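This briefing covers confidence, helices and surface for the model shown here.

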Amino acid sequence: AQRGAVLALVLRQGATLVLIGLGVGVAAALGMGRVLARVFYGVGGSDVLTLGAVCAVLAVAALLACWLPARRATKLDPMTALRDE
């Protein structure tokens, strides 16, 4: 496989997991926000700006965590990687 293809494959798989995680997390955060708004006085149910900022920071961190090992893997010789255990 070519280096660009390996990098794209790893990043695509990582991005898929990040998007699934963010979707589940946003749904849970909105649901818990409604519960906390009922239980605690003065607590808002959802803050779109904060939720968006947190999602952006987590997405960047997760994609960086996918990109760094993928970049390192593209620099390895495939035969050396397959030979080593």
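At 1.5 Å a residue, what should the 37 residues of H1 span, and how far apart are its end C-alpha atoms? The expected span is 54 Å (1.5 Å times one less than the number of residues) and the end C-alpha atoms are 53 Å apart, which agrees. The model is predicted: local features need pLDDT of at least 70, side-chain atom pairs count only at pLDDT 80 or more, and totals for chains, interfaces and linings use all residues. Residues are numbered from 1 along each chain as its sequence is written, and side-chain values use heavy atoms, with hydrogens and water left out.

**Confidence**
- The protein's average pLDDT (the predictor's confidence in each residue, from 0 to 100) is 85, and 93% of the residues score at least 70.
- Mean confidence is highest in H2, at 90, and lowest in helix H3 (residues 78–83), at 75.

**Helices** (DSSP runs of H or I, at least four residues, numbered from the N terminus)
- Helix H2 (residues 48–74) has 27 residues and should span 39 Å; its end C-alpha atoms are 38 Å apart, which agrees.
- Gly14, Val18, Leu22 and Gly33 of H1 are buried (under 20% relative accessible area, 1.4 Å probe, protein chains only).
- These buried residues of H1 pack against H2 (contact: heavy atoms within 4.5 Å).
- In H2, the buried residues are Cys55, Ala59, Cys66, Ala70 and Thr74, and their cover includes H1.

**Surface**
- Val35 lies in H1 (residues 3–39).
- Val35 counts as partly exposed (between 20% and 50%) because its relative accessibility is 37%.

Key
Helix = DSSP H or I, 4+ residues; strand = E, 2+ residues; numbered from the N terminus.
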